[in-house]
Amino acid sequence: MSVAAPTAQKHETSKILSALASTERPEPPGPISTSFTFGWRALLKIKHVPEQLVDVTVFPIMFTLLFTFLFGGALAGSTVEYVQFLLPGILVQGVIMITMYTGTTLRTDIEKGVFDRFRSLPIWRPSALVGMLLGDAARFTISALVTITLGLILGWRPQGGPVGVALGVLLLLVFAFSLGWVWTFLSLVLRTSNAIMGVSMLVITPLTFGSNIFVDPSTMPGWLQAFVEVNPVSHLVTGVRALMGGTDPGNGIVLTLVSSAALVAVFGSLTMWRYRDPR
């Protein structure tokens, strides 16, 4: 025993010295693998802090029930008739409202100094941000599933079938991912999570309530119709409603994709500029 122990120790020491003296370096991780790694990190946060699921489960149920029974009888004569029109729109609102937590979560990581460590790693620079947004996409999917399930219970019957519903959710996730870059930029500019939430609500409230989520824009005054017609959330609702309802989407899908690309191009670039130079 006394002879074997020093021999084993010498063997381990020689292996360590050999590894340190080696000139071979492991291949650096690629952009896709690092992005998915950070996305998994975002999901692990939910495991350790399950309270993060409150906004993607309770809020959709509350919004759907509240607006269905509040406006259904007055606007459509019955809640069943109204939910056919409302459900795709309230689905969009529920996801858009929780995108702002992307910025508050990032601001919390920055305040803890976590992102200072990420900047020093030999990885693709945007992967930490992209991965965080991919992780949030999983939360958005949960919110969508909760809303759709509740809608079916309330009598919603999508004429587009499962394929139309899936395509509508996919379009919504694309826009939500793009909108998330606005909040990531704000998290790098503003100093506190409360400030990010306040500014986010100032942006989200007119975009969601000043849209075609709840009523047909033809019943609105002319000045409000003009705003609703150029509102990107209205284009998104039009596209989602058409895909799920099996109707002609018009230019709703195209305009949504154009808006999404513009958001990524503008705020994605601003975010990376600020991320590289946080001063």
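## Salt bridges, cores and pockets in a predicted model

Arg139 and Asp136 pair through their side chains in a salt bridge, with 3.6 Å from N to O. A salt bridge here is a side-chain nitrogen of Lys or Arg within 4 Å of a carboxyl oxygen of Asp or Glu. The two residues are three apart in helix H7 (residues 127-154), so about one helical turn separates them. Helices are DSSP runs (H or I, at least four residues), numbered from the N terminus.

This is a predicted model: local features need pLDDT of at least 70, side-chain atom pairs count only at pLDDT 80 or more, and totals for chains, interfaces and linings use all residues. Residues are numbered from 1 along each chain as its sequence is written, and side-chain values use heavy atoms, with hydrogens and water left out.

**Salt bridges**

Side chains of opposite charge can pair when their charged atoms come close. The count comes to three salt bridges.

| Salt bridge | Closest N to O |
|---|---|
| Arg139 and Asp136 | 3.6 Å |
| Asp109 and Arg41 | 3.4 Å |
| Glu111 and Arg107 | 3.8 Å |

Where do the partners sit, buried or exposed? Buried means under 20% relative accessible area, exposed over 50%, and partly exposed in between (1.4 Å probe, protein chains only). Arg139 is buried, at 6%. Asp136 is buried too, at 8%.

Asp109 forms its salt bridge with Arg41. This pair links distant parts of the chain, 68 residues apart: Asp109 is in helix H5 (residues 101-112) and Arg41 in helix H2 (residues 31-48). Asp109 is buried, with a relative accessible area of 5%. Arg41 is partly exposed, at 27%.

Helix H5 also holds the pair Glu111 and Arg107. They are four residues apart, which means a separation of about one helical turn. Glu111 is partly exposed at 47% relative accessibility. Arg107 is buried at 12%.

**Nonpolar cores**

A nonpolar core is a set of buried Ala, Val, Leu, Ile, Met, Phe, Trp, Tyr and Cys residues joined through side-chain atoms within 4.5 Å. The largest has 42 residues, and Val92 and Leu236 have the most contacts inside it. Five elements give two or more residues to this core: helix H3 (54-76), helix H4 (79-98), H7, helix H8 (161-189) and helix H11 (232-245).

What does Leu236 touch, leaving aside its neighbours within four places in sequence? It is in contact with Val92, Ile96, Leu171, Leu172, Phe175 and Thr256. Contact means heavy atoms within 4.5 Å.

Another core, of 14 residues, lies apart from the largest core. Its members include Phe38, Phe118, Ala128 and Tyr275.

**Ser234**

Ser234 lies in helix H11. It is buried, at 3% relative accessibility. Not counting residues up to four places away in sequence, Ser234 touches Gly210, Ser211, Asn212 and Val228.

**Cavity and pockets**

Rolling a probe the size of a water molecule over the atoms shows where empty space is left. The search uses a 1 Å grid over the protein atoms alone: a cavity is a set of points where a 1.4 Å probe fits but cannot get out, and a pocket is an open set with protein on both sides within 12 Å along at least five of seven lines. Lining residues have an atom within 4 Å of a point. Grid points are joined across faces, edges and corners, and a volume is the space filled by probe spheres set on the points.

There is one cavity of 30 Å³ or more. Its lining consists of Phe118, Arg119, Leu121, Ile123, Trp124, Arg125, Ala128 and Tyr275. By class, that lining has six nonpolar, no polar and two charged residues. Ala, Val, Leu, Ile, Met, Phe, Trp, Tyr, Cys and Pro count as nonpolar, Asp, Glu, Lys and Arg as charged, and the others, Gly among them, as polar.

The largest pocket holds about 270 Å³ of space. It is lined by 19 residues, and Ala42, Lys45, Gln52, Thr105 and Asp136 are the closest to its centre. H2, H5, helix H6 (114-120) and H7 each give two or more residues to this lining. H2 gives the most, with six residues. The lining divides into 10 nonpolar, three polar and six charged residues.

The second largest pocket has a volume of about 160 Å³. Of its 14 lining residues, Asn212, Val228, Glu229, His235 and Thr238 are the closest to the centre. Helix H10 (222-230), H11 and helix H12 (252-276) each give two or more residues. Its lining has four nonpolar, nine polar and one charged.
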